Amino acid sequence: MKNPIVIVGAGLSGLRAASLLTAKGIECRILEARDRIGGRVLSTSDPNRPDLGKFDLGPTWFWPQYEQTISNLVKELNLETFEQYTKGAMLSEQYQNEAPERYILPENSSTRSTRFIGGVQSLIDAIAETIPSGIIELDKRVTAIRQDEAGAITVEAELANGKREKVPASAVILALPPRIVAGHIEFSPSLPPTLMIDLVNKTTWMAGQAKVVAVYDRPFWRESGLSGFVSSWVGPLQEIHDASPETGTGALFGFFGMPAKMRQELGKDRVLNLVVDQLVRLFGTSAQNVSAILYKDWAEDFETAVEEDWNPLRDFPSYGHPPKPGVWEKKIIFAGTETNAQFGGHLEGALQSAEQAVLKIIHLNNNSF
């Protein structure tokens, strides 16, 4: 190949694609708009209390019983994992001003999930370590992809300092949410209308959601025989789980039932006050003693969400590979969890999509370049 494969996006899909390509000796570059790698994977700590540990504000777990791609990669990279804590009763909060009800779920009623020691960021970092230095380029937002009459491709990117860069490419892997591709990147010639409609209609996983983690000195709810799992019709959190590390501090994380627009109208401080009030209501006065509280509203993340994503999901989105891209056939390849039919929305789907994208590149490399 005369020019490198350009991968747009340094999330899980983009990084895995780069790792697989470089292992095959195929030159590539990753252009990432953010100043960090990981995309929607975000494991963070309180800057004032890093001793408390790292907690996931993006994806948290995987299911090794039926997700073989990520399970095999975890073994290959020698990453440490542990089972999600589920012992004890769950709480169900159905009505305002009524105490939550306790339920003991039947044993083996749900598939046990697995978490990473150090958060999912440990998976991101381990993959990045397999990629030669200089391939990942941060603070480069791709704004246009052009193909001339001879079929040559140029990727245009805007740098953090306002300058622009043109990057020649043999092919482009778009490892981004479909709606970000449709809304943020200009294609010349244009993508086919059927493809654009498909991209715009694919809801970005987690884009309308926010996630909060309340960190405590210990997982005190376990002492009361509670698992930390809560289902609430009252809110603001509609689903809560134990987010504690394997040892040490305790933590609870929750997803919001509150729509993105309401969160923005209330503001972060008010939202977090409501969260603590709910945790006290559910778990007692010990929940007031928060050591740290971490919050990420993905709806406000320009590299993740568009305004259409603010509407709460009513059903699991129908994901799968986009239609053929017309004149862009063999020139652009879609990756990312939203392009995977079986595991869309999961880490597994992101990894499988990267593998499929690389297989296509290898096929093109053997037949076209």
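The lining of the second largest cavity in this predicted model is made up of 8 nonpolar residues, 1 polar residue and no charged ones. About 40 Å³ of space lies inside this cavity. Below, we look at who lines it, how the strands around it are arranged, and which charged side chains pair up elsewhere.

**Cavities**

- There are 2 cavities of 30 Å³ or more in the model.
- The residues lining the second largest cavity are Val-212, Ala-214, Leu-237, Ile-240, Leu-252, Phe-253, Gly-254, Val-275 and Leu-279.
- Four elements each supply at least two residues of that lining: the strands β16 (210–216), β18 (237–242) and β19 (250–256), and the helix α7 (268–283).
- Of these, β19 gives the most, with 3 residues.
- The largest cavity has a volume of about 40 Å³, and you can find it by looking for Ser-92, Gln-94, Tyr-95, Glu-98, Ala-99 and Glu-101, which line it.
- The lining of the largest cavity is a mix by class: 2 nonpolar, 2 polar and 2 charged residues.

**An open sheet**

- Try tracing the sheet across the model: 7 strands follow the order β8-β7-β17-β18-β19-β16-β20, with mixed pairing.
- At the edges sit β8 (101–103) and β20 (292–297), each of which pairs on one side only.
- From one strand to the next, the twist averages 20°.
- Strands β7 (residues 89–93) and β17 (residues 226–232) run parallel and are joined by 4 bridges.
- One pair to look for is Ala-89 with its bridge partner in β17, Leu-226.

**Salt bridges**

- The whole structure holds 21 salt bridges.
- Arg-146 and Glu-156 form one of them, with their closest N and O atoms 2.8 Å apart.
- Arg-146 lies in strand β11 (residues 140–147) and Glu-156 in strand β12 (residues 153–159), so this pair ties together parts that are 10 residues apart in sequence.
- Arg-146 is partly exposed, with a relative accessible area of 26%, whereas Glu-156 is buried at 11%.
- Asp-242 and Arg-222 also meet through their side chains, at 3.0 Å from N to O.
- This pair links distant parts of the chain, 20 residues apart: Asp-242 is in strand β18, and Arg-222 is in the loop between β16 and β17.
- Asp-242 counts as buried, at 1% relative accessibility, while Arg-222 counts as partly exposed, at 25%.
- In another salt bridge, Arg-34 meets Glu-32 at 4.0 Å, N to O, and both residues are buried.
- Finally, Arg-29, Glu-137, Lys-140 and Glu-165 are linked in a network of salt bridges.

Note on methods
Residues are numbered from 1 along each chain as its sequence is written. This is a predicted model: local features need pLDDT of at least 70, side-chain atom pairs count only at pLDDT 80 or more; totals for chains, interfaces and linings use all residues. Side-chain values use heavy atoms; hydrogens and water are left out. On a 1 Å grid over the protein atoms alone, a cavity is a set of points where a 1.4 Å probe fits but cannot get out, and a pocket is an open set with protein on both sides within 12 Å along at least five of seven lines; lining residues have an atom within 4 Å of a point. Grid points are joined across faces, edges and corners, and a volume is the space filled by probe spheres set on the points. Ala, Val, Leu, Ile, Met, Phe, Trp, Tyr, Cys and Pro count as nonpolar, Asp, Glu, Lys and Arg as charged, and the others, Gly among them, as polar. Two strands pair if DSSP finds at least two bridges between them. Axes are lines fitted to C-alpha atoms, for helices over the stretch in contact, and angles run from 0 to 180 degrees between N-to-C directions. Buried means under 20% relative accessible area, exposed over 50%, partly exposed in between (1.4 Å probe, protein chains only).
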